[in-house]
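User: Could you walk me through this model, one question at a time? I'd like to see the reasoning behind each answer.

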Amino acid sequence: MPHRSYEAPPPQPQQPQRQSSLVARFRAALGAPAHQQPRRVADALPGPPSMASLMVAVLRARAQRHWHRGVFLILYVGKGAATDGSDAIVACGVTRRCRLVGGEALEDGEVDAEAEPSRRRAWLRSAVAAVAPPASSSEDESDSDREGATNEPPADVRAARKAVERLRRMGCRVAVFSGGPVHRSEPLGLLVATRSDGARDVLDDDALRAKVGDVVPWRPGCDGDDAKRAFVGAVPLVARCARFFREAGWALEALVWSGCAVWSTDQLLAEVSRGSWALAPARWSDASAAADSRGLWGDVLAREAALLPPDSADED
């Protein structure tokens, strides 16, 4: 075959490597494919896609707060109810307190739970307005109508807040928590009733459920105490259950959560084996509204019966 001469093109000057933008780093953290990374400065400027990525990253970061030094109380185990065929485990955190059901978790007691959601919505509206074209007058009108609806919490949250007020009027001590990253619009409650001197008997579990509704009896893994009874369920049902114990002279306290965490048994055991979690039998004191939430994490790890993850002794 005839030979053809070939001259290589001159080498192109190498462009100086720019530091990735904040949005690019968020996209990388979210697992976006490499070809989706912005190649031009204009691609990295804030816009609707970048804002969406940023909001997803913020929400994920907020969800991670539930896990950092978190202590979760297992409230219910559904036999064979997980998608992988194992048991479904429902647990709620007891370290992130709130002032209000559905409100933000307290950060060193500084967050105003009622004002914080409106501040976030105002920030989000201003951020969207900065990157979106102005709406027409008709769109403005419909948006304002929708805004009034979105400012209202979900019906289950409103019902839970009213139930919490009823519990407090009964003399029940209530602690409200941010329980986990899922099902945040379906608050759960745990009622703990302690028999005091002179208190009368209350209906057994089956009879009580027949009168109250779908509440589930709960007991901790240790500290058996026949003078205590506890029930898990929707907060209005828990408040209805509390009425029977109050009328019989029992002392009451309740934990209320917006949000929970759900695992399958296989998933949770795999996370324990990777060192993500430690397991310990719960105590009645863990379900107390007066418990020290900040010191609970260290207390659980120090328990003799705790199943600690590998190399946990090296952690602070």
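Analyst: Happy to; this is a predicted model, and we can take its sheets, helices and a few residues in turn.

User: Let's start with the sheet of 6 strands: in what order do the strands come?

Analyst: This sheet is open and its pairing is mixed. Two of its pairings show the mixture nicely: β4 and β8 run parallel, joined by 6 bridges, while β5 and β8 run antiparallel, joined by 7 bridges. Across the sheet, the strand order is β3-β4-β8-β5-β7-β6.

User: Which strands stand at the edges there, each with a single partner strand?

Analyst: In the order β3-β4-β8-β5-β7-β6, we can look at the two ends. A strand at either end has a single partner, so one of its sides is left without a neighbour in the sheet. The edge strands are therefore β3 (97–98) and β6 (216–218).

User: How many residues of β8 are buried?

Analyst: Strand β8 spans residues 251–258 and is mostly covered. In the sheet, β8 sits between β4 and β5. Towards β4, Leu255 of β8 stands opposite Ala175; towards β5, Glu253 of β8 stands opposite Val192. The number of buried residues in β8 is 7 of 8.

User: Which residue of β4 is the bridge partner of Cys98, and is Cys98 buried or exposed?

Analyst: β3 and β4 pair in the antiparallel sense over 2 bridges, and Cys98 takes part in this pairing with a residue of β4. Its relative accessible area is 8%, and the cut-off for buried is under 20%, so Cys98 counts as buried. The bridge partner of this buried residue is Val176.

User: How many disulfides does a search of the whole structure find?

Analyst: Two cysteines worth a look are Cys98, which is buried at 8% relative accessible area, and Cys241, which is buried at 0%. A disulfide would need a pair of cysteine sulfur atoms within 2.5 Å. The search of the whole structure gives a count of 0.

User: Are α6 and α7 roughly parallel or oblique, and what is the hand of their crossing?

Analyst: Helix α6 (residues 205–212) and helix α7 (residues 235–247) have axes 10 Å apart and pack at an angle of about 125 degrees. That angle lies outside the 65 to 115 range for roughly perpendicular and is not over 145, so the pair is oblique. On the α6 side the contact is made by Leu208, Lys211 and Val212, and α7 contributes residues including Cys241 and Phe244. The arrangement is oblique, and the crossing is right-handed.

User: At what angle does α6 run to β7?

Analyst: Besides packing with α7, α6 lies across two strands, β6 and β7 (228–234). Its angle to β7 is about 35 degrees.

User: What is the order of the sheet of 3 strands?

Analyst: This sheet is open, with antiparallel pairing. β1 (72–78) and β9 (261–264) each have a single partner strand, so they stand at the edges. β1 pairs with β2 (residues 88–93) over 6 bridges, with Tyr76 opposite its bridge partner Val90. Helix α8 (residues 265–273) lies across β2 and β9, and the strand order is β1-β2-β9.

User: Last one: His183 has a positive phi although it is not a glycine, so where is it found, and is it buried or partly exposed?

Analyst: The phi of His183 is about 55 degrees. Its relative accessible area of 45% falls between the 20% and 50% cut-offs, so His183 is partly exposed. Its place is the loop between β4 (173–178) and β5 (188–194).

Key:
Residues are numbered from 1 along each chain as its sequence is written. This is a predicted model: local features need pLDDT of at least 70, side-chain atom pairs count only at pLDDT 80 or more; totals for chains, interfaces and linings use all residues. Side-chain values use heavy atoms; hydrogens and water are left out. Helices (H or I, at least four residues) and strands (E, at least two) are DSSP runs, numbered from the N terminus. Buried means under 20% relative accessible area, exposed over 50%, partly exposed in between (1.4 Å probe, protein chains only). Two strands pair if DSSP finds at least two bridges between them. Contact means heavy atoms within 4.5 Å. Axes are lines fitted to C-alpha atoms, for helices over the stretch in contact, and angles run from 0 to 180 degrees between N-to-C directions. Angles under 35 degrees count as roughly parallel, over 145 as roughly antiparallel, 65 to 115 as roughly perpendicular and the rest as oblique. A crossing is left-handed if the near helix is turned anticlockwise from the far one by less than a right angle, and right-handed if clockwise.
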